[in-house]
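Please examine the sequence and the structure shown below. The paragraphs that follow lead through selected parts of the fold, one at a time.

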Amino acid sequence: MCGIVGYIGSRTASEVILDGLERLEYRGYDSAGIAVFGEDGLMVEKKKGRLAVLKDTLESFPLSGNLGIGHTRWATHGEPSDENSHPHCSESKNVAVVHNGIIENYLDLKRELMEKGVVFQSETDTEVVAHLVEMFFQGDLVDAVYKTLEKLRGAYALGIIHKDNPDMLVTARKDSPLVVGIGENESFIASDVPALLKYTKNVYFLEDGEVAVLKKSGIEIYNEDRQQVERDSVEIEWDFESATKGGYPHFMLKEIFEQPKSIRDTIERRLDENGFVRFDDINLGKEELEQIDKIYVVACGTAYHAGLVGKKALQKIVGMKVDVEIASEFRYDDPIIDSNTLVVLVSQSGETLDTMAALREAKKHNAKILTITNVIGSSIARESDNVIYTWAGPEIAVASTKAYTTQVVCFFMLALDFALKLGKIGEKEYLDILGELRAVPEKVEQILENSDQIEVMAENIKEAKSGFFLGRGIDYSVAMEGSLKMKEVSYMHTEAFASGELKHGTIALIEDGIPVIALATQEKLFEKSISNMKEVKSRGAYVIGIAQEGHELIEEVADSVIYLPKTDDLISSILCAVVLQLLAYHVSTLRGLDVDKPRNLAKSVTVE
Ligand code: M6R
């Protein structure tokens with residue numbers, strides 16, 4: 001959702017900010033703006049539309065100065081327009097504010113301010129912040145910000161500058177992501193790390209309620225009680241190149257192709273000298289595991305689908321009951337949680353608001369918490385007792401690919417770890433499964449070599465208005481992810497169905513030429529899956545079949561087939577997902593769509 005970048009130092013602020021905003025484009029936005037303090041005072045430019053529109057305007061009217069804030073807006077309060085874009089200013093134009101989050105009590109505050117005669121320029125919730133800062137300002141911006149924060153209810157990451165305090169940028173956060181970048185004689189703020197990687201890898205993560213004062217000379221952090229706090233900086237391992245396209249036409253394709261490496265990193269970095277899984281970062285030993293009588297996996301979107309595969313791994317390998325819940329539903333579903341419940345949160349960004357709310361709900365009931373996330377220092381990671389980081393590297397494309405496969409890998413490793421500690425698996429079986437998992441990167445490479453073949457399949461279905469993904473068992477879980485991927489990047493209406501459910505209604509939708517992507521990767525379910533393929537084929541469907549090598553019988557029913565390198569049935573889910581990612585990618589690009597930034601979507605969903 002909204003992206004924030006702020007800078008104070010000796011560089012041209014507008015250049016740093018526009019560059020940073022470009023790296024946050026993946027978050028999704030519909031307008032962009034910037035405020036810079038320089039010789040001409042506090043200057044603001046903001047435009048509806050892509051960042052390129054703002055950049056064009058700034059080429060004709062450049063903003064000079066070394067202090068500034070910028071923003072990409074994903075509209076919530078008020079339509080996308082120049083007026084509703086950030087930064088928002090006070091009436092005197094002394095104060096400029098950028099904001100990510102939602103000020104829940106903005107209507108009350110707006111009414112109070114209007115009663116005092118303040119005239120509003122926009123329909124946004126954010127504008128109240130600019131007017132409040134102006135109202136409280138008596139020469140000390142930090143004091144005015146604190147007084148403003150006392151009035152706010154809701155979520156915010158804020159960047160604030162004032163024309164009378166041109167040596168500082170003030171930032172504050174509560175329930176919205178924000179990182180503070182540490183440079184030499186320069187300081188930065190950003191919604192996410194990729195915006196800063198070109199300039200620094202050294203950052204502070206602010207806690208909820210904290211305020212940071214950034215100056216050229218350094219950064220001071222204060223808590224809710226205005227006491228200065230000491231904070232260790234964090235060194236980010238990602239490099240700048242990992243946040244660029246690196247020669248690929250799109251981030252999504254680059255990230256699909258990065259999977260052998262990200263899966264390898266996720267596995268190998270956690271193996272001890274004897275080749276056993278070791279989670280140094282989590283405190284779930286035999287004793288704790290024996291207390292657990294229920295596992296919930298809670299997540300949204302693709303992370304939820306990773307949880308569905310994770311359930312199969314945990315149930316099969318550990319024999320523990322697992323429920324997978326959509327995070328936005330979890331707290332309204334009267335979940336049965338107590339101190340013997342393990343709640344596993346899955347989130348690439350670690351910032352998804354619904355997943356965060358589920359975590360807090362689980363904590364209220366004293367559940368044990370385990371988070372699987374990709375982003376070190378993210379909000380969900382910081383509130384979790386135990387964290388497993390996926391080593392996917394920055395995922396920039398809106399459609400999640402390498403985060404999904406590394407999340408699934410983490411579930412397999414977790415299942416092996418739990419099973420061994422609980423004595424539910426013998427060492428041989430453990431090492432066999434782990435061996436198969438360690439072989440996945442190489443097998444993914446083989447699939448990637450077939451990208452052209454998958455492109456041909458995409459060509460055959462690219463005109464279709466709708467399509468179906470079918471699967472049984474774990475194939476059904478993967479089909480759901482394949483369908484989501486296709487929907488979000490190609491806008492083709494697709495649905496995933498459990499193959500056995502077809503005859504209970506869905507089959508009525510099958511008509512001539514409709515694409516059906518049929519997953520038949522499970523040895524035990526292969527024959528049944530073939531029967532289901534026949535059912536749709538005989539009603540006119542165009543069937544793309546996916547099976548493991550050695551199951552050539554599928555060619556008798558499918559119009560075209562992709563074979564996965566042979567592996568363990570459960571683990572084939574990872575390979576199958578890569579095929580479906582490529583299929584969605586190719587359909588999208590063949591349709592000429594913006595595959596990295598699909599319409600209406602945001603990478604990180606920080607509102608409910
Ligand atoms: O950052 P998270 O993993 O918590 O995000 C969850 C979903 O918003 C995300 O997976 C979304 O479904 C992706 N666009 C899917 O590609």
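Strand 19 (residues 368-373) and strand 20 pair in the parallel sense, with 4 bridges between them. Two strands are said to pair if DSSP finds at least two bridges between them; strands (E, at least two residues) and helices (H or I, at least four residues) are DSSP runs, numbered from the N terminus. One of these bridges links Ile 372 to its partner Ile 388 in strand 20. The model is predicted, so local features need pLDDT of at least 70 and side-chain atom pairs count only at pLDDT 80 or more, while totals for chains, interfaces and linings use all residues. Residues are numbered from 1 along each chain as its sequence is written, and side-chain values use heavy atoms, with hydrogens and water left out.

Strand 20 (residues 386-389) is covered on both faces. On one side Asn 386 and Ile 388 are buried, and on the other side Val 387 and Tyr 389 are buried too. Buried here means under 20% relative accessible area, exposed means over 50%, and partly exposed lies in between (1.4 Å probe, protein chains only).

The wider setting is an open sheet of 5 strands, in the order 17-16-18-19-20, with parallel pairing. Strand 17 (322-326) and strand 20 stand at the edges with a single partner strand each, so one side of each has no neighbour in the sheet. From one strand to the next, the twist averages 20 degrees.

Two helices lie across this sheet. Helix 9 (residues 301-318) lies across strand 16 (294-299), strand 17 and strand 18 (341-347), and runs at about 175 degrees to strand 17. Helix 13 (residues 402-421) lies across strands 16, 18, 19 and 20, at about 155 degrees to strand 18. Such angles run from 0 to 180 degrees between N-to-C directions, and the axes are lines fitted to C-alpha atoms, for helices over the stretch in contact (heavy atoms within 4.5 Å).

Another part of the chain holds His 99, which lies in strand 6 (residues 95-100). Its relative accessibility is 1%, so His 99 counts as buried. Among the residues that His 99 touches, not counting those up to four places away in sequence, are Cys 2, His 71, Asp 125 and Thr 126.

Cys 2 leads to a last topic. The structure holds 0 disulfides (pairs of cysteine sulfur atoms within 2.5 Å). The sulfur of Cys 2 is 16 Å from the closest cysteine sulfur, in Cys 89, and therefore too far for a bond. Cys 89 is buried, with a relative accessible area of 14%.
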